Amino acid sequence: MKIDLTDTTAGEINKALIEGRRAIGTPAVGMVLTLVIVTDEENAYDALRAASDASREHPSRTLVVIRRVSRTPRDRTGSRLDAEVRVGAEAGTGETAVLRLYGEVSDHADSVVLPLLLPDAPVVVWWPVNAPLDPAEDPLGALAQRRVTDTYAAEQPVRELAARAETYTPGDTDLAWTRITPWRSMLAAALDQVDCEVRSVEVEGEEFNPSCELLAMWLADRLGVPVQRSLSSGPGLTAVRMETTCGPVVLDRADGALASLSIKGQPARAVALQRRGTAELIAEELRRLDPDDTYAAALRYGVERLSMGADAVAALGGAPAESAKETAEDEAVAEVAVAESEAGTEEGEAERPTPNSLARKAASK
């Protein structure tokens, strides 16, 4: 059942939701949360379809917030709220309200959404595209216990990861992180089968793919070893190679569907690593509403540290390798200075050593 409302209010939308449930004979529906989708007109259909599929596992009230662009100054000074209420088969197992905001009201979307939230139920806000720089500080994000973004939809995904790390607040999550859940599970299971120490890791995947970067940061953070990021033509993540004291452990997925797990001393086996759709990703995120500490640790590890290689690992245990190198050079210069002073000739006959001459002699040693 679908009900269209023009130039309406939040009270009228609530009334239409109740009437719609009564009309289809289900006045009481057990919904577990409110899902707020903040998107544009272009991406609204795909996001709503994914949310509808996910509602079969998580019955919810879905509120789709679409800010419409006002073309003239006169339209921008006015305010209008149009709504499309869907219940029954039109909205999966929950109920849906598509809210189109015009004019000044688009700057106060939280005041429209707040009266429509389910009482005593968690709130999840999802930005399929154009997520705010700090989701927790956004007026809509402040209403939620869980805030879902997708750095893959950003123009510069890798730079977006750095911004997410700076503004991270418990409850933030990213669909780029959700995409690598099967990879993390498979790699953890593979290491459980061997009693070896991991020495280095290589993560292979598409360029500008935030899931590849997040997987590399997670491995570097958890294993404390150098992680190299290499490029491939995709799709997505294609391989992870771990060098261990017992030999290589390789998880290779060339076609985006079926992967091969190879462990030295064991026969290679095929494992399912099908690339998942948005509905499955959203359904996974709705299963847990507590802060994801593992995601936070991987995100805060930092993309820039991946390119440092062994230096990053050295920094974990103390001074970075570059600092150690500089210290060694300073010590060599000091040794030459001492030797010059001890072996110097009488005062006035020996040439006073300069820092440059000491550095050259230290380098020659």
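Colleague: Leaving aside its neighbours within four places in sequence, which residues is glutamate 213 in contact with?
Modeller: This is a predicted model: local features need pLDDT of at least 70, side-chain atom pairs count only at pLDDT 80 or more, and totals for chains, interfaces and linings use all residues. Residues are numbered from 1 along each chain as its sequence is written, and side-chain values use heavy atoms, with hydrogens and water left out. Contact means heavy atoms within 4.5 Å. With neighbours within four places in sequence left aside, the partners of glutamate 213 are Val158, Leu161, Arg229, Val303 and Leu306.

Colleague: Does glutamate 213 count as buried or exposed, and what is the term for it?
Modeller: Buried means under 20% relative accessible area, exposed over 50%, and partly exposed in between, with a 1.4 Å probe and protein chains only. Glutamate 213 has 8% relative accessibility. That value therefore makes glutamate 213 buried.

Colleague: Which residue's side chain does a polar contact of 3.0 Å join to that of glutamate 213?
Modeller: A polar contact is a pair of N or O atoms within 3.5 Å; within protein, one must be able to donate a hydrogen and the other to accept it, and residues adjacent in sequence count only if both atoms are side-chain atoms. The side chain joined to glutamate 213 at 3.0 Å belongs to arginine 229.

Colleague: What arc do the buried residues of helix 5 cover around the axis?
Modeller: Helices (H or I, at least four residues) and strands (E, at least two) are DSSP runs, numbered from the N terminus. The arc is that of the directions from the helix axis to the C-beta atoms. In helix 5 (residues 157-166), the buried residues are Pro157, Glu160, Leu161, Ala163 and Arg164. They lie on the same side of helix 5 because their arc is only 165°.

Colleague: Which elements do the buried residues of helix 5 pack against?
Modeller: The face turned away from the buried side carries exposed Arg159 and Glu166. The buried residues pack against strand 7 (146-149), strand 8 (172-174), helix 8 (210-223) and helix 10 (293-301).

Colleague: How many residues does helix 8 give to the largest nonpolar core?
Modeller: A nonpolar core is a set of buried Ala, Val, Leu, Ile, Met, Phe, Trp, Tyr and Cys residues joined through side-chain atoms within 4.5 Å. The largest has 39 residues, and those touching the most other members include Leu214, Leu215 and Leu219. Helix 8 gives the most to this core: eight residues.

Colleague: Which residue of strand 14 is the bridge partner of alanine 259?
Modeller: Two strands pair if DSSP finds at least two bridges between them. Strand 13 and strand 14 (residues 269-272) pair in the antiparallel sense over four bridges. Alanine 259 lies on the covered face of strand 13, with Leu261 and Ile263. Its bridge partner is valine 271.

Colleague: Which glycine has a positive phi of about 80° in the turn between strand 12 and strand 13?
Modeller: Strand 12 and strand 13 pair in the antiparallel sense over four bridges. They form a hairpin with five residues between them, and the residue with that phi is glycine 256.

Colleague: Within what arc do the buried residues of helix 1 fall?
Modeller: In helix 1 (residues 10-23), Ala10, Ile13, Ala16, Leu17, Gly20 and Arg21 are buried. They line one face of the helix because, seen down its axis, they fall within an arc of 130°.

Notes
The expected span of a helix is 1.5 Å times one less than its number of residues.
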